[in-house]
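Below is a report on one protein chain. It moves from strands to a helix, then to single residues.

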Amino acid sequence: MSHRPKRSAALAAAAAVLAAGLTALAPAPRALAAPPAASPNPLHYLYLGWEGDTSKPLTFPGGAVSLDHKKAIGYGLTIGGTTYAPDETENTGLRDRISWTLAEGYLPSPVSTWNAGPVRVTVQHFAHRVLDDSATAVYTRVTVTNPTATTQQATLGVGAAPSTEIPLTAKPSGTGTDSADYALSIPAGKSVSTDFVARSAGTADAAQLTGAGGFNAHYSAMAAYWKGRLAQTAVPASLPEEGLATMYKAEQIISWMTTAKTPDGQGGTNHELRSSGGAPANAPFHGYDVVYSHDAPDIAAQYIREGDFDLAKKALTSRIYLDRSSVPDHHPYLDAPSKFLYPYALYLRYTGDQSIFTPALKAKIKATAHLVQDLRVSEPGSPYDGLIKESATFDNSPSHLAVDNMAALYGLTSYADLAASWSAADASWQSERTWALGQADSVGAALDRALTARMDATGSGGYNACLDACPLLGNGNYQGNWLGTTFMMSSLPWDGRLAGVEAGGVWKDKLDASVRLAFSQRARTAPAIPAHSWGAWTNGANGYGTVYNGGAGSQLLASDDPELRTEAVADLRWLLDNQTAPMQWGESFSSGGGGTWNKNLADLEAWGLSTNRKALLEANVSVPRGGGVIIGRGVPTSWLTSGKPVSWTNVPVDGGRRIGFTLTRDGNKVSLSVTGDPGGPVALSLPAFVDDIVSTTAGTVDNASGTVTLPKGTSKVTVTVGDLEASRITGAQSTAGHYTFGRPTDQVRRYQTFTAGENTRLDGVRVSLRRIGGTGQSPVTVSLYRTSGLKPTGSPLATTTIPASAVGTKDTVVKAALGYDGLVDGADYAVVLGQRTPGGPAYEWATSGQRGVQGFGKDTGSGWTPEPALGDAWLTAETSRPAQR
């Protein structure tokens, strides 16, 4: 990837360099000397700036701000001879000592609050472009609140001279070379604020900044600007999980802030879609503040999905995007040329705007499409013939990677669409369309062969990121993070389906099995990685998380499994609970433990923010090629049963149209209302509908996929389901193999694991069994266990029986009323089958026969033995939400 694991080794050194420069909380007169622990913590920071700025200040948990990334301006308070400053020491108490939030939950205005003896100090910053767009100023307000019954006399110490941190509401009582004091008298039960302004970009002197207005006026203008920008794009008007709506808006603004305007060397302006929002690339620690070849296309595409067409157009026609994103730069990243193509097709689909496609741009797009062909292996007889060549797309040792080939499927299909649109005016483009589709089919066939061969070689029922035995997957470590980012970086399978990628094959057919295999490997080999995290880039089994978490889950919207379809929202929820700074995440991060922020292992990453927003948007509403929309594909059932509406506004769809929609629930009825013109049919496709639709007031029903499709022009529907609180977790439903249990030795019991979803109650399980060895079997015992390493552990959580008479000599699907309250979302459990009295007459449990992707095994009488090579057992777990039944 653009800057991934190999840089983590240098991160500590870079952080040390930054920390050394940022310890300058310069003492003011009267010895405002912050203790060493009060130095800004370089593992937790936020960018603070304005759209278009090339370098942006940094702010830290305690409120310090660095305008130049070399020196920090800190704020401390002296009362009665004791000096207080924020303690940002990295330990589990950091979030308890210092409150660090964003104003109004999502605006780019960090607010830090900490105790200073008898009083509280709050430091708030924001940036605003001022003086007719000639400068960016950082406004700061330091508020001291006195909850005591007596007036407090204090001295506010500021680690910068008044010429740098310019006072707006007070005069200093003392100054030093790099510091200033401000005398404060805070009445009992009152607050006193002191405001400052500093220049961070552009040109402005102190007189101009002090004359341009104060903190309140500029805060109002800043807030109005960003809220106005949000109102022009797709935004969640109401979500049952308000934190996710706030997170989406914060990520959108942060992404806008990371753009930069620079001269393109030809008299024009680049609108750079940078991977980070900080210092220039040569500054220590913040090396991602550049345009990377395979980051920028995804960032541009998300602006299109959100309806920010103006910025997308400027970016896609910028010289730096044309030059840098169309070639495999850096290691090289061989997914880049393919990904260069698809935002143009997406832009044309959504806007219908052909004006940007000048002859020069068309020629550039054509040359890049044919570069994809040049990057393919041409070695007849080689197992890699037809694939994209070895690459380092993950910053790995060069290997054949699924991501490059999946990206090629998407990119070539997109190019075919562009060529078709241009062929109306120039018939020669029709041959380009034919060529591109032929190339896509050929890549798909080569990918199919390679994935099949790799699964055969490993004996697994699913695939991973590599198409060869690359070092990436060595040492038996969990590498599901690389599988998740294969999906995220290639935008397959879900976005590919939306874009018309028709090539099927193993990458699509084995999606669910591959994901389940990755999750089971996570449970067995990487217990440090919690459920709903795909893990980190840099440290294998000990990894914790990555900012790309939501983007990885977004492609599971293509899954046939209703539980996996809601993984995107679960992944985003996990990020919300595991921030490295307010509404920010390191590209990789480790767990900070309870009561603190998680620790950055790499810089903050705008690319990840764009894929997170895509995940939330598309889980709610996706736009397929050809018109119409798909609503609710990844909406969790808990949202429907929450009593709160699901509503979005200003969502762009094909042809320059915009829509809004609202989902509500009344009992077992779910209603949809759509405003605007979707330009085609509306598919209401909720996981809660799968195999449970009773009736609908309009449209046609596909019960297997849980979809009601409304014809064009129909804007309202109410769908009745059987049991909205219930859901089914379905494992293998195959009878390719049969394995015995109920013997006195060796095959005493059999177990199969499953992963719990949002529902907290297990109502029962269905299994496929048959009797063997004659008659006289005793009842089947059915138990639920917790797991460790995907093996049963401890004592049973619940136990029931199935009468022997309910099981035939041929495969019989029987239900066991196995009830248990307290399932944990994302946790693994085992269903264990045995015989009350083991003997010669016994039972067999049907399985998929080979390549199990979760956990299947036996009790030999002396311990649990995993047998994943035998497949997964036929199992369905039925769950519900007892509190709402």
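Which residues of β43 are buried on one side, and which on the other? Leu-875, Ala-877 and Thr-879 are buried on one side. Thr-876, Glu-878 and Ser-880 are buried on the other. Both faces of β43 are thus covered.

**Basis of the model**

This is a predicted model, in which local features need pLDDT of at least 70, side-chain atom pairs count only at pLDDT 80 or more, and totals for chains, interfaces and linings use all residues. Residues are numbered from 1 along each chain as its sequence is written, and side-chain values use heavy atoms, with hydrogens and water left out.

The pLDDT is the predictor's confidence in each residue, from 0 to 100. Its mean over the protein chain is 91. A value of 70 or more is reached by 93% of the residues. Residues 2-37 stay under 50. For that stretch the model has 102 contacts beyond four places in sequence; a contact means heavy atoms within 4.5 Å. Residues 280-286 are also below 50, with 21 contacts beyond near neighbours in sequence. Where pLDDT is low, the predicted coordinates should not be read in detail.

**Strand β43 and its partners**

Helices (H or I, at least four residues) and strands (E, at least two) are DSSP runs, numbered from the N terminus. Buried means under 20% relative accessible area, exposed over 50%, and partly exposed in between, with a 1.4 Å probe and protein chains only. Strand β43 spans residues 875-880. Six of its six residues are buried. In a regular strand the side chains alternate between the two faces of the sheet.

Two strands pair if DSSP finds at least two bridges between them. β43 pairs with β31 (residues 727-730) over four bridges, in the antiparallel sense. It also pairs with β34 (residues 761-772), antiparallel, over six bridges. Thr-876 of β43 serves in both pairings: its bridge partner is Thr-730, and Arg-766 stands opposite it as well.

**Two open sheets**

One open sheet has five strands in the order β5-β4-β10-β13-β12, with antiparallel pairing. Its edge strands are β5 (82-84) and β12 (174-176), each pairing on one side only. The twist averages 25° from one strand to the next; axes are lines fitted to C-alpha atoms, for helices over the stretch in contact, and angles run from 0 to 180 degrees between N-to-C directions.

Another open sheet of five strands runs β21-β22-β26-β29-β28, with mixed pairing. Here the edge strands are β21 (621-622) and β28 (700-702).

The table lists one strand pair at an edge of each sheet.

| Strand pair | Bridges | Sense | Opposite residues |
|---|---|---|---|
| β12 and β13 (residues 179-186) | three bridges | antiparallel | Thr-175 and Ala-180 |
| β21 and β22 (residues 629-631) | two bridges | antiparallel | Val-621 and Ile-631 |

**Helix α10**

Helix α10 covers residues 359-374, 16 residues in number. From first C-alpha to last it reaches 23 Å, close to the 22 Å expected at 1.5 Å a residue. The expected span is 1.5 Å times one less than the number of residues.

Leu-361, Ile-365, Thr-368, Ala-369 and Val-372 are buried in α10. They lie on the same side of α10 because they cover an arc of only 100° around the axis. The arc is that of the directions from the helix axis to the C-beta atoms. On the other side, Pro-359, Ala-360 and Asp-374 are exposed. The buried residues pack against α8 (319-324), α9 (336-351), α11 (402-422) and α12 (428-458).

**Single residues**

Ala-137 lies in strand β9 (residues 135-145). Its relative accessibility is 0%, so Ala-137 counts as buried. Beyond four places in sequence, Ala-137 touches seven listed residues, among them Phe-126, His-128, Val-197 and Leu-209. Gly-202 is 65 residues away along the chain, yet its C-alpha is separated from that of Ala-137 by 8.8 Å.The peptide bond from Leu-492 to Pro-493 is cis, with omega near 10°. Pro-493 sits in the loop between α13 (480-490) and α14 (494-498).

Asn-650 is not a glycine, but has a positive phi of about 60°. It is found in strand β23 (residues 646-653). Asn-650 counts as partly exposed because its relative accessibility is 24%. Asp-691 also has a positive phi, near 55°. Asp-691 lies in the loop between β26 (682-685) and β27 (693-696).
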